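Here are my notes for your first look through this entry. Keep the viewer open while you read.

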Amino acid sequence: MIATETDTYQIDHARLREEQSSIIPTWLRELRERGLNRFTELGIPTTRDEEWRFTNIAPLLKKPFKVANGATPVGSQIDELIQQAALDDDFHRLVFVNGRFAEQWSMRHELPPGVILENLAESIRQNPDLIERRLTGEAELEHSAFLALNTAFIEDGAHISVPDGVVMDRPIHLIFLSVADEPSVSHPRNIVSLGKNSRATIVESYLGVEGPAYFTNAVTEIELGDSADMDHHKLQHEQPNALHVAATHVRQQASSKFRSHYFSFGGDLARNELTCALDGEAIECTLNGLYMPSGDQVMDCRTRIDHLQPHCNSYELYKGILDDRAKGVFNGKIYVHQDAQKTDAKQSNQAILLSDDAVIDTKPQLEIYADDVRCTHGATVGALDEKALYYLRSRGIPADFARTILIFAFANDVVQGVEVPAVRRRLESILLEERGLPDV
Amino acid sequence: MLEIKNLHARCDDTEILRGINLQVSAGEVHAIMGPNGSGKSTLAHVLAGREDYEVTEGEVLYEGKDLLEMEIEERAANGLFMAYQYPVEIPGVSNKYFLKAAMNSIRKYHKQPLIGTMDFLKLLKENMKLLGMEKNMMERSVNEGFSGGEKKRNEILQMAMLQPKLAVLDETDSGLDIDALRIVADGVNTLRSPERAIIVVTHYQRLLDYIVPDKVHVLAEGRIARSGDKSLALELEADGYAFLDTCSA
């Protein structure tokens, strides 16, 4: 059964191998081969798999999603999507259509010396050794079928490298578009590294055109050197019939700061895995997220923070607003390793269910192997804060309106944590549209 | 304006109010004092409509209407205001939006024209100045990260904006230093008028130096144990609530 579902990928992979056999380096061909083999062994996960217990993805993958061919899709559709996604013309912008870099829609301003901001395919051509080290070093194919699948199809994505001491003033916006006439899949692979004392802001946006179902299987790998500082945003706006599976792996060195802001709005099923390895002292790691599924949407948010060294802080706040028959999953793991004394970790997941048929499975997990740490986690699931509701009503605000205000407030709290004005404004306008407050 | 008759109320299985009788007329300021647990705050919350309390007996007439039958927002729309001891924080909604929403909800209820942004901001600015509040407090989320004193001022600001007919101040003095206390009291005093009544719930006499009451009531074990004029508050200040034991003995 699994074999039939993975058949499409086998065929696609064979085609890719044939087409590109002469133009790609041997190590990449071998890496892809290993990815495919591992994917074949693991198969598409089912709900019997502990990591996928609450999210039934297998039925959705029965469709034969094919890697879109290289033909450039219609321009006007892409123009429209970019207009929708664009945040600020002062940002650097790399656009990927069906997983491949689209130069004509991208925009790179002048870069500080030494900065690499290009597409992965280009870097593989220009700088294969560097990419080989990155891709073969970190690739943890072991457990994740989708990471293995992504690796089997590594072709393009963003490659960002900021040298020591360089501060990128302009944020970098990566836009991933899906535009195809038949069910298609893309496997963007993004590689980011920040040198010591450098700083960058990144925004990833995912969206697609109305039409056949599509599947995005994205992987982003981020490395932060000593005292590096990164603000990372992800805005997931896929079409309602899309399948979005993504993994972001972050490795932080001493005194670095990483802030993640994840916003999930679209997709039929959206699964986001974010793992952070805190591999140095005095690291700060902040993970904020907001997911707002409605209709029959399924949104699965998974985070894992590994405290490997002493004196690191992690703060995590995920909020969900679930309506109609929507389903949400939150799984937040904090793993405090034996050496990680003086760890301070706080995690909170709060979900509001707006309908009787909405469901949330929430699973905070703390595993602590050091004895001098402070770790707290909390999960609240339920309706709106009764005290706040009472407070608003006691000022003359009718109950329905008070509820609207509190739903907005609940989500807006996460939005206001975004520091980049253009991103925050965009999120505010989405929030106003989805869960807005009337003028008063 | 307000007539409380034989009011009994309980929270869960504990009877807290055991037959309160109280009459407040327009233009009056009443102080309700009493030791902890005497039912002061419960009385305030029952008037505002908090659902945790169940009224088991008695009635409350507000301008001749049955107050207990009214929804929480209806009470507010009809001019009842409660300044809370512990105002709720609402991260994600600006104070400004909240205040304008409240004002215009009440106007809508009375089918009055809504207040426009310019008029609203002008009024807001005046009142904030009066209460010595920083401008940025309007852009901040409702009560979020406010100090105890800032929260109390924010309550009085809401009162000043909403211009209630009957204001109930629940332990408004707690957590205020003397300067803040004076500012808050000044804010309350400017609202005193022949059309308006104010009930000040407090544990200490201190606040009553600044908001001088017409009548003082001492609550004990859910009943009014003594009533008198402002001299009763001073007596309590000197002797404490010890006399209550003598009374019940």
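The points below go through a sheet, a chain contact and two helix pairs.

1. Start with the status of the model. It is predicted. Keep that in mind throughout.

2. Find the sheet in chain B. It is open and has six strands, in the order 6-9-10-3-11-12. The pairing is mixed. In general, strands of a sheet pair through backbone hydrogen bonds, either parallel or antiparallel.

3. Which strands lie at the edges of this sheet? They are strand 6 (80–83) and strand 12 (223–228) of chain B. Each of these pairs on one side only. Neighbouring strands of the sheet are turned by 20° against each other on average, with direction ignored.

4. Now pick out one strand pair. Strand 3 (residues 29–33) and strand 10 (residues 197–201) of chain B run parallel. Four bridges join them. As an example, B:Ala31 has B:Val200 in strand 10 of chain B as its bridge partner.

5. A helix packs on this sheet. It is helix 1 (residues 40–48) of chain B. Helix 1 touches strand 3, strand 6, strand 9 (166–170), strand 10 and strand 11 (215–220) of chain B. Its direction makes about 145° with that of strand 9 of chain B.

6. Next, look at where the two chains meet. Here 23 residues of chain B are in contact with 21 residues of chain A. On the chain B side, helix 2 (72–77), strand 7 (90–94), helix 3 (95–109) and helix 5 (148–162) each supply at least two residues. Which of chain B's elements gives the largest share? Helix 3 of chain B does, with eight residues. By class, the chain B side has 15 nonpolar, five polar and three charged residues.

7. Helix 3 of chain B also packs with helix 5 of chain B. Their axes come within 10 Å and cross at roughly 35°. The crossing is right-handed. Among the residues that meet are B:Leu99 and B:Met103 in helix 3, and B:Gln158 and B:Met161 in helix 5. This contact has six nonpolar, three polar and no charged residues.

8. Finish in chain A. Helix 7 (residues 386–393) and helix 8 (residues 399–415) of chain A pack at about 125°, with axes 9 Å apart. That angle makes helix 7 of chain A oblique to helix 8 of chain A. Their crossing is right-handed. The contact includes A:Leu389 and A:Arg393 of helix 7, and A:Arg403 and A:Leu406 of helix 8. Its residues divide into seven nonpolar, no polar and two charged.

Technical notes
Residues are numbered from 1 along each chain as its sequence is written. Chains are lettered from A and ligands numbered from 1 in the order in which they are written. This is a predicted model: local features need pLDDT of at least 70, side-chain atom pairs count only at pLDDT 80 or more; totals for chains, interfaces and linings use all residues. Two strands pair if DSSP finds at least two bridges between them. Axes are lines fitted to C-alpha atoms, for helices over the stretch in contact, and angles run from 0 to 180 degrees between N-to-C directions. Two residues are in contact if their C-beta atoms, placed from the backbone, lie within 7 Å. Ala, Val, Leu, Ile, Met, Phe, Trp, Tyr, Cys and Pro count as nonpolar, Asp, Glu, Lys and Arg as charged, and the others, Gly among them, as polar. A crossing is left-handed if the near helix is turned anticlockwise from the far one by less than a right angle, and right-handed if clockwise. Angles under 35 degrees count as roughly parallel, over 145 as roughly antiparallel, 65 to 115 as roughly perpendicular and the rest as oblique.
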